[in-house]
Amino acid sequence: MEEIPQQMDAKRAYGYLRNNSGAVGAAFHKMYETTLAESVLDKKTHELVYIAYLAATKEYSGLELHMKGLKKLGASRAEIESVILCGLAPVGMSLSYAYQTAMRAYDEE
């Protein structure tokens, strides 16, 4: 098993998981490849949706990695900006609901 670096970007972290976790890593990669192959979305739209999830889950190194692919697919800066900014309201709202839920649960104890 290879040594774990102190910090890994998304590509290296994904490779580490894939190469060192046996069947789990292989299954994870297969799932990723299948979602691409079976998507009814065109590749650019699929990647734009993917970066929205990366932004919402704070996977910043993944965002950096996928920007290169999006540029090659012809995505404009404005499209990428719109995808990221589109998530402001729902991500903000999910945090406000999580806050309310947590505070209510805490106060009930």
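In the predicted model, Leu-70 touches Lys-44, Glu-47, Leu-48, Ile-51, Ala-75 and Ile-80, when residues up to four places away in sequence are not counted. Several of these partners recur in the largest nonpolar core, a set of 8 residues. Its members are Leu-48, Ile-51, Leu-54, Leu-63, Leu-70, Ala-75, Ile-80 and Val-83. At least two residues of this core are supplied by each of the helices α3, α4 (60-72) and α5 (77-86). The greatest contribution comes from α3, which gives 3 residues.

Glu-47, one of the residues touched by Leu-70, lies in helix α3. Glu-47 is buried, because its relative accessible area is 4% and the term applies to values under 20%. Beyond residues up to four places away in sequence, Glu-47 touches Tyr-32, Leu-36, His-66, Leu-70 and Leu-73.

Met-67 belongs to helix α4. With a relative accessible area of 23%, Met-67 is partly exposed; this value does not fall under the 20% that defines a buried residue, and a nonpolar core is built from buried residues, so Met-67 is not counted in one. Met-67 is nevertheless in contact with Ile-51 and Ile-80, its neighbours within four places in sequence being left aside. Both Ile-51 and Ile-80 are listed among the residues of the largest nonpolar core. The separation of Met-67 from Leu-48 is 19 residues in sequence, while the C-alpha to C-alpha distance between the two is 9.5 Å in space.

The packing of the helices was examined next. Two packed helices are described by the angle between their axes and by the distance between those axes. Helix α2 (residues 22-38) and helix α3 (residues 43-56) pack at an angle of about 130 degrees, and their axes are 10 Å apart. This angle makes α2 oblique to α3. On the α2 side, the contact is made by Tyr-32, Thr-35 and Leu-36, and on the α3 side by Lys-43, His-46, Glu-47 and Tyr-50. When the residues of this contact are sorted by class, 3 are nonpolar, 2 are polar and 2 are charged. Glu-47 therefore takes part in the contact of α3 with α2 while being buried.

Helix α2 also packs with helix α1 (residues 10-20), at an angle of about 125 degrees and with the axes 5 Å apart. Helix α1 is thus oblique to α2. The residues that α1 brings to this contact are Tyr-14, Leu-17, Arg-18 and Asn-20, and those of α2 are Gly-22, Gly-25, Phe-28, His-29 and Tyr-32. By class, the contact of α1 with α2 has 4 nonpolar, 4 polar and 1 charged residues. Tyr-32 of α2 is named in the contact with α1 and also in the contact with α3.

These details belong to a protein chain whose secondary structure comes to 6 helices and 0 strands. From the N terminus on, the order of elements is α-α-α-α-α-α. The chain has 109 residues, of which 16% are buried. Where contacts join residues at least 6 apart in sequence, 38% of them link residues at least 24 apart. The area exposed by the protein chain is about 8500 Å², and carbon and sulfur atoms supply 60% of this area.

Notes:
Residues are numbered from 1 along each chain as its sequence is written. This is a predicted model: local features need pLDDT of at least 70, side-chain atom pairs count only at pLDDT 80 or more; totals for chains, interfaces and linings use all residues. Side-chain values use heavy atoms; hydrogens and water are left out. Helices (H or I, at least four residues) and strands (E, at least two) are DSSP runs, numbered from the N terminus. Buried means under 20% relative accessible area, exposed over 50%, partly exposed in between (1.4 Å probe, protein chains only). Contact means heavy atoms within 4.5 Å. Accessible areas come from the Shrake-Rupley method with a 1.4 Å probe; for residues, only the protein chains shown count as cover. Axes are lines fitted to C-alpha atoms, for helices over the stretch in contact, and angles run from 0 to 180 degrees between N-to-C directions. Angles under 35 degrees count as roughly parallel, over 145 as roughly antiparallel, 65 to 115 as roughly perpendicular and the rest as oblique. Ala, Val, Leu, Ile, Met, Phe, Trp, Tyr, Cys and Pro count as nonpolar, Asp, Glu, Lys and Arg as charged, and the others, Gly among them, as polar. A nonpolar core is a set of buried Ala, Val, Leu, Ile, Met, Phe, Trp, Tyr and Cys residues joined through side-chain atoms within 4.5 Å.
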